[in-house]
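Trainee: Got a minute to go through this one with me?
Mentor: Sure, put it up.

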Amino acid sequence: MTSRSPDVIGAAAIAVLAVITLVGGVTTPDPGFGVVGPAVLPTIIGALMLVTAIWLAIDVARGSPPPQTEPLDRRPLGYSIAATAVFLFAFVPLGFVISASAFLIAQARILGSRHLVRDVIASLAFIVGLYILFVQFLTIALPKGPLPF
Amino acid sequence: MEIFGSLLGGFATALSPVNLLYAGIGVVLGTAIGVLPGIGPALTISLLLPITFSLDPVAAFIMFGGIYYGAMYGGSTTSILVNAPGESASVVTALDGYQMAKNGRAGAALATSAIGSFVAGTLATLGLMIFATILVQQAVKLGPPEYFAIMIVALSAVTSLSGTSAPKAVFATLLGLALGLIGLDNQTGQLRLTYGIDALEEGIDVVLGAIGLFALSEVFWYAATLRSQEEHRETIRGSVWMTGDEFRRSVPAWLRGSGIGFFIGALPGAGATVASFISYAVEKRVSKHKAQFGKGAIEGVAAPEAANNAAAGGHLVPLLGLGIPGSGTTAVMLAAFQIYGLQPGPLLFSTRPDLVWGLIASLYIANVMLLVLNLPLVGIWVKLLDIPKPLLFAGITVISAVGVYSLNRNAFDLVVVFVLGVMGFLMKRYEFPLAPVILGIVLGPLIDNNLRRGMIMTDGNFITLLTRPGTAAILAVAVLFLVLPFAVRLYGRARGRKDLATFAEAPEG
């Protein structure tokens, strides 16, 4: 019964992060000046994280109610995460204009929009607007990619 | 009477045409993001940080103040008309607000929340002025040990007041602290928690935390709950105004909400969301119309809307007086101060009175602007809900990417923000609070710094550090924060009082 609670996985994930933090803390070299070295606080935080992992596990074992999760829409969620990953990784190499236009149109469709023409027009207008705001008014350069702008 | 001289100076700053313009931009943006789901004030200020590099800090903070107050006004509109709160601090408003709208009293609900927000915002700004000045006079006596203790109070409060599961809240805080410590240690030049990744040397900016945890995770959340998204929008019938009876019932609720909101907000770590929940509970207890609660009681709209606005003013007290943020939004504002090389606290009051008092004065002005924007013009804001949600959420991701990239022109930051976005989604789904993570990122290096400097003062004796009179008193408050909510809940359960049994179990703010 308790093995079904997602909090079991949560406690395990916390334990993993705790160990990573703890290792990072313990392996920080101490240059030896000052009273408290740079390794102390990260180590304490890692140790306390481990305590919260055990605490959460005990809570689950004692039968505390699992989080009330709604059924997931797996497909739009998976596609959104994938599209976002591709967009963020392509942002610099492909440039803002190409990556953002492609992402906007694709993501709107993933999120249930069925008006392709409207989405294309709105996306391009939005991209042009953002481009003018950042590059022209604020003179903040955005990645160009293969395009000249 | 020194305050009034300073305040007059502040008004002279705030009333300059340029600063009025930025206050205006701030309140319009703030109301818009308050109405729109998925974006809040912490995120908006994060996204605007790169843009404000080129601005004068006075103008930038006047704009941020307008955004913060405006978001609190705007959040109520969607709660009332669509039963979908635009901000977590307006969740409780939806309980009675949407019922009022269904009963055809949408106009009255919107009016009581707008006027209540104005009353509360103005009173809270007055309180901010008085308490921040007092705090500043005391703060000069505080050393690193006391600052360390106050930050422990902030973390205890945000931990004990957010979410239902204590280990999850504590973990969220620790995760934030760990993220905050990544990178170069400024006392020894040692690299910490970078695991050999060069790109982590600069550390993880709080802006990345806010955008990943508050923006990308919201988009993923929307995608994951696509099937359950449907909207029944109520229309405003008749004028946006109250009857005499509704007005008489609103006034005491506004005042109680303002008081509760300000003082809860001023405690570092307690959010506007908690303030709105507590003031709703109080109203329900003192009301003569108990049976109406949940079915459209006007007090149930008036009090929490006053409380969340007053809490925004309250949050600025520890930020301006001590330089210690108590909420996600003020944490990002502290980051903004640091970008300008400014440290809020006693020193800022003496070195940059134009900034501090200009900001305070502009908050009064912003309240007046917001009353106009939200009462007669409320119909325009409702139109924002016509933006197709798929395009809105796709657009949030694009703006996030642009904001993150323009911060450091660093492609690696985009990877960090993606990881934080997925993590934020998982945490939200499994009921881990997110606000403590943001607060932890900002407070991590500050706690580390003050602890280590404090330990030098006490020759490495931690007990001496904890038992200095100031530190001991402050830490006693931290213990109180950790114990009190649990004690109240236990008492409530023992006495069968459901309102107390779930005391302060609010979502993060």
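Mentor: Here is a short run through the core, the chain contacts and one helix.

Mentor: This is a predicted model, where local features need pLDDT of at least 70, side-chain atom pairs count only at pLDDT 80 or more, and totals for chains, interfaces and linings use all residues. Residues are numbered from 1 along each chain as its sequence is written, and chains are lettered from A in the order in which they are written.

Trainee: How many residues has the largest nonpolar core?
Mentor: It has 211. Such a core is a set of buried Ala, Val, Leu, Ile, Met, Phe, Trp, Tyr and Cys joined through C-beta atoms within 7 Å. Buried means 20 or more other C-beta atoms within 10 Å of the residue's own, with C-beta atoms placed from the backbone.

Trainee: Which helix of chain B gives the most to this core?
Mentor: Helix α6 (106–139), with 17 residues. Helices are DSSP runs (H or I, at least four residues), numbered from the N terminus.

Trainee: What is Ala210(B) in contact with?
Mentor: Leaving aside neighbours within four places in sequence, its partners include Ala42(B), Gly328(B) and Ile438(B). Contact means C-beta atoms, placed from the backbone, within 7 Å.

Trainee: New topic. How many residues of chain B are in contact with chain A?
Mentor: 56, against 55 residues of chain A. α17(B) gives the most to that side of chain B, with twelve.

Trainee: And α2(B): what does its buried part pack against?
Mentor: Its buried residues pack against α1, α3, α4, α15 and α16 of chain B. Among those buried are Tyr22(B), Gly26(B) and Ile33(B).

How values were computed. A residue is buried if 20 or more other C-beta atoms lie within 10 Å of its own, exposed if 12 or fewer, and partly exposed in between; C-beta atoms are placed from the backbone. Helices (H or I, at least four residues) and strands (E, at least two) are DSSP runs, numbered from the N terminus. Two residues are in contact if their C-beta atoms, placed from the backbone, lie within 7 Å.
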